[in-house]
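Could you walk me through this model in the viewer, one selection after another? I would like to know what to pick next and what is there once I have picked it.

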Amino acid sequence: MSLFKCSIKQQYKCKIYRLLVVLYRLLNILYYISPKQINLLLHHVKTQESINDLDFILLNIGYAEHNADWNWKGISSPFVRLHFVVKGKAKIHLSNESFDLQENHMYLTPSYVQHSYDCEGEFHIFYIHLYENLDRKASIFDRYKFPFEIPVDELLAMLIRRLYSLNPE
């Protein structure tokens with residue numbers, strides 16, 4: 001399943017839209033990693049792969065409204081989880097640490113990372129599950145350190161809502 005569905009007449013616009021999304025993602029990633037990590041990433045991309053070699057498959061995207069019922073323990077999935085918190089608060093437990101999930105922030109949980117959730121009140125989220133097709137190569141999450149949390153600005157919120165509208169349940 002492609003991340004974006006386009007008719008034949010819209011192919012040119014879709015290519016531009018995809019490029020904008022990729023550029024926006026790269027800018028967000030580059031904003032939160034150190035200059036040393038940027039140099040390592042650029043060197044790796046030049047010598048071994050391009051951004052087009054990254055192969056993520058959208059498994060699903062959804063929107064959920066919880067009321068103290070987002071309490072799951074010992075989760076470990078073969079897919080990457082992205083959570084965009086729209087309203088409320090919750091906690092995620094990774095390893096021996098707990099993190100507060102806050103409104104207007106996005107959180108990344110790489111595949112096969114054991115974690116748990118706690119929610120004691122109202123909590124609204126968009127969730128995105130992505131499968132990384134590795135094709136005999138290491139996961140990008142094993143090769144680079146990515147931020148666990150990023151603030152969600154207006155453009156990123158709009159892109160998430162658009163992706164949700166293009167992929168209804």
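Here is a tour that starts with the whole chain, moves through the sheets and cores, and ends at single residues.

**Stop 1: the whole chain**

Start with a cartoon view, and keep in mind that this is a predicted model. You should find 4 helices and 8 strands. Following the sequence, they come in the pattern α-α-β-β-β-β-β-β-β-α-β-α. Of the 169 residues in the protein, 36% are buried. If you switch on a surface, its accessible area is about 10,900 Å², with 56% of that belonging to carbon and sulfur atoms. For those who like contact maps: among contacts between residues at least 6 apart in sequence, 78% join residues at least 24 apart.

**Stop 2: the sheet of 5 strands**

Next, colour the open sheet of 5 strands, which has the order 1-7-2-5-8 and antiparallel pairing. Strand 1 and strand 8 (149–151) are the edge strands, each pairing on one side only. From one strand to the next, the twist averages 20 degrees.

Zoom in on strand 1 and strand 7, whose antiparallel pairing runs over 11 bridges. To see one facing pair, select Ala64, which stands opposite Ile125 in strand 7. Now bring helix 4 into view: it packs on the sheet, touching strand 1, strand 2, strand 5, strand 7 and strand 8. The direction of helix 4 makes about 100 degrees with that of strand 1.

**Stop 3: the nonpolar cores**

Show side chains for Phe84, Met106, Ile128 and Ile160. Among the 18 residues of the largest nonpolar core, these four touch the most other members. Two or more residues each come from strand 1 (56–67), strand 2, strand 5, strand 7 (122–132), helix 3 (140–143) and helix 4 (154–166). Helix 4 gives the largest share, 4 residues.

Stay with Phe84 and list its contacts. Leaving aside residues up to four places away in sequence, Phe84 touches residues including Met106, Phe126, Val152, Ala157 and Ile160. Then select Ile75, Tyr107, Tyr117 and Cys119, which are included in a second, separate core of 15 residues.

**Stop 4: Val85**

Is Val85 buried or exposed? Val85 is in strand 2 (residues 80–88), and its relative accessible area is 0%, so it counts as buried. Not counting residues up to four places away in sequence, its contacts include Leu101, Tyr107, Phe123 and Ile125. For a distance check, draw a line between the C-alpha atoms of Val85 and Tyr127: they are 42 residues apart along the chain and separated by 8.7 Å.

**Stop 5: the sheet of 3 strands**

Now colour the open sheet of 3 strands, with the order 4-3-6 and antiparallel pairing. Strand 4 and strand 6 are at the edges with a single partner strand each, so one side of each has no neighbour in the sheet. Here the twist averages 25 degrees from one strand to the next. Strand 3 (residues 90–94) pairs with strand 4 in the antiparallel sense over 5 bridges. Pick Leu94 to see a facing pair, since it stands opposite Glu97 in strand 4.

**Stop 6: His115**

What does the side chain of His115 reach? Select this residue in strand 6 and look towards Val113: the His115 side chain reaches the backbone oxygen of Val113 at 2.8 Å. With 2% relative accessibility, His115 is buried, because buried means under 20%. Leaving out residues up to four places away in sequence, His115 touches Lys73, Gly74, Ile75, Arg81, Ile92, His93, Leu94 and Thr109.

**Stop 7: two loop residues with positive phi**

Finish with a Ramachandran plot beside the viewer. Asn104 has a positive phi of about 60 degrees, although it is not a glycine. Find Asn104 in the loop between strand 4 (97–101) and strand 5 (105–109). Its relative accessible area is 42%, so Asn104 is partly exposed.

Then move to Tyr112, another residue other than glycine with a positive phi, near 60 degrees. Tyr112 lies in the loop between strand 5 and strand 6 (115–118). Tyr112 has a relative accessible area of 60%, so it counts as exposed.

How values were computed. Residues are numbered from 1 along each chain as its sequence is written. This is a predicted model: local features need pLDDT of at least 70, side-chain atom pairs count only at pLDDT 80 or more; totals for chains, interfaces and linings use all residues. Side-chain values use heavy atoms; hydrogens and water are left out. Buried means under 20% relative accessible area, exposed over 50%, partly exposed in between (1.4 Å probe, protein chains only). A polar contact is a pair of N or O atoms within 3.5 Å; within protein, one must be able to donate a hydrogen and the other to accept it, and residues adjacent in sequence count only if both atoms are side-chain atoms. Contact means heavy atoms within 4.5 Å. A nonpolar core is a set of buried Ala, Val, Leu, Ile, Met, Phe, Trp, Tyr and Cys residues joined through side-chain atoms within 4.5 Å. Two strands pair if DSSP finds at least two bridges between them. Axes are lines fitted to C-alpha atoms, for helices over the stretch in contact, and angles run from 0 to 180 degrees between N-to-C directions. Accessible areas come from the Shrake-Rupley method with a 1.4 Å probe; for residues, only the protein chains shown count as cover.
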